[in-house]
Amino acid sequence: MSARELGLPATVTASDMPERVTIWEVGARDGLQNESDIVDVGVKIEFIERLADAGLTTIEATSFVHPKWVPQLADAAEVLAGLKPRDDVRYPVLVPNQRGLDRALESGVRHIAVFASATETFASRNLNSTLDEQFAMFESVVRRARSEGLDVRGYLSMCFGDPWEGAVDPAQVARVGARLIDLGCSQLSLGDTIGVATPGQVEQLLRELAAAGVGVDQLAVHFHDTYGQALANTYAALRQGVRCVDASAGGLGGCPYAKSATGNLATEDLVWLLDGLGIDHGADLDKLVDTSVWMSQQLGRPAPSRVVRALSGG
Ligand code: HMG
Ligand code: MG
């Protein structure tokens, strides 16, 4: 019998954990943005539809960035136009600037995310701006988006380590994160862009953010799994009360402008952990695994997720 037929994982509910967690699925955006071969728009649409059918309710669909910077996502408008309208699913998109916001509004988007860097070098590499200039760019985007009734998330990259600058001071991360909240972002997602964080750092940063006036109810965590620490870091964040976790189906992912960034925490690995802890999430693990197996066939290589491999016999 399979692990699932045997009723695994066994559930042991912990008292100091949230009852429910929102999974912010980033497979179609973070997962695909690093793929060098262009994935067919029909495959992207089917991927997103299957993720929604698997019960995910927040599915980051694409980015309205410069198509020369991320050619894989140049079809953003076509992807959104191909999705079935669903009342219970939101499809956030990344928007860096006014041109991106124009394009997102033309596509009827209701949820956007701006994406800042905690370090100077990555601001330059990813956004062609300085740390301060990125705020000048986002300020008007957030103001206009909110006046149009849109919800705005703020990502913060390189929160735990930077491939050019090394260790990043948590006090600096907290200062930059608080600036994003002050701009009017409803949520701050803490990015371990290159997957180097360990759980003590996560706890330390959450303390710094609390001291800077940003509480756990305003936070999400966004861990890449380069060094195999994403689940341990997620567990640390859950214990501190974080209730929104970013993950990518199958563990796809990476950032084309951050050398050594690999896939995100896999959604299936996250679901296995949440099921074991008795935390409600609303996703169907078997459907997620089927989707990631199907997607890995489209991409021509196995999914990095340990849970997908274990449950699919791959
Ligand atoms: P730039 O070259 O400095 O842009 O790029 P510009 O403002 O100088 O404009 C140059 C030309 O680009 C103009 O056209 C603009 O209209 C056009 P021209 O007048 O020359 O014909 N343009 C655009 N066209 C379409 N859509 C747009 C757009 N913007 C300008 N949005 C820019 C600056 C910010 C645009 C560029 O650096 C960019 O697109 N960067 C995005 C990089 C990216 O997508 N990185 C991956 C996402 S972040 C990530 O993965 C991390 C995360 O997962 C969290 C974590 O893991 O830490 C979120
Ligand atoms: Mg990322």
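H222 and H224 are both buried. In this predicted model, the two histidines share a task with D30: together they are the protein donors of the magnesium ion, ligand 2. D30 contributes OD, while H222 and H224 each contribute NE2. The three donors lie 2.1 to 2.3 Å from the ion. Along the chain, their spacing reads D-x191-H-x1-H.

H222 also leads to the other ligand. An N or O atom in its side chain is 3.0 Å from an oxygen atom of ligand 1. Two further polar contacts can be followed from here. The side chain of Q33 places an N or O atom 2.7 Å from an oxygen atom of ligand 1. At G100 the backbone takes part instead: a polar atom there is 3.4 Å from a nitrogen atom of ligand 1. Taken alone, ligand 1 exposes 1100 Å², and the protein buries 72% of that area.

Now step back to the whole shell. Ligand 1 is surrounded by 26 residues. The closest are Q33, H66, N97, S157 and T193. Several elements supply at least two shell residues each: α1 (27-33), α4 (98-106), α5 (120-127) and β6 (151-157). The space that ligand 1 takes is the largest pocket.

Two of these elements lead on to residues with unusual backbone angles. Start with the loop between α5 and α6 (131-147), where N128 is placed. N128 is not a glycine, yet its phi is positive, about 55°. N128 counts as exposed because its relative accessible area is 60%, above the 50% cut-off. Next comes the loop between β6 and α7 (170-183), which holds M158. M158 is also a residue other than glycine with a positive phi, here near 60°. Is M158 buried or exposed? M158 is buried, because its relative accessible area is 0%, and buried means under 20%.

The segment before β1 (22-25) has a backbone feature of another kind. P9 lies in that segment. A cis peptide bond joins L8 and P9, with omega at about 5°.

Finally, turn to helix α10 (residues 267-277), where V271 is found. V271 has 0% relative accessibility, so V271 counts as buried. D286 gives a point of reference for its position. The two residues are 15 apart in sequence. In space, V271 and D286 are 10 Å apart, C-alpha to C-alpha.

Key:
Residues are numbered from 1 along each chain as its sequence is written. Chains are lettered from A and ligands numbered from 1 in the order in which they are written. This is a predicted model: local features need pLDDT of at least 70, side-chain atom pairs count only at pLDDT 80 or more; totals for chains, interfaces and linings use all residues. Side-chain values use heavy atoms; hydrogens and water are left out. Donors are N, O and S atoms within 2.8 Å of the metal (3.2 Å for Na, K and Ca); water is not among the atoms, so sites may look incomplete. Buried means under 20% relative accessible area, exposed over 50%, partly exposed in between (1.4 Å probe, protein chains only). A residue is near a molecule or strand if one of its heavy atoms lies within 4 Å of it. A polar contact is a pair of N or O atoms within 3.5 Å; within protein, one must be able to donate a hydrogen and the other to accept it, and residues adjacent in sequence count only if both atoms are side-chain atoms. Accessible areas come from the Shrake-Rupley method with a 1.4 Å probe; for residues, only the protein chains shown count as cover. On a 1 Å grid over the protein atoms alone, a cavity is a set of points where a 1.4 Å probe fits but cannot get out, and a pocket is an open set with protein on both sides within 12 Å along at least five of seven lines; lining residues have an atom within 4 Å of a point. A molecule sits in a cavity or pocket if more than half of its atoms lie within 2 Å of its grid points. Helices (H or I, at least four residues) and strands (E, at least two) are DSSP runs, numbered from the N terminus.
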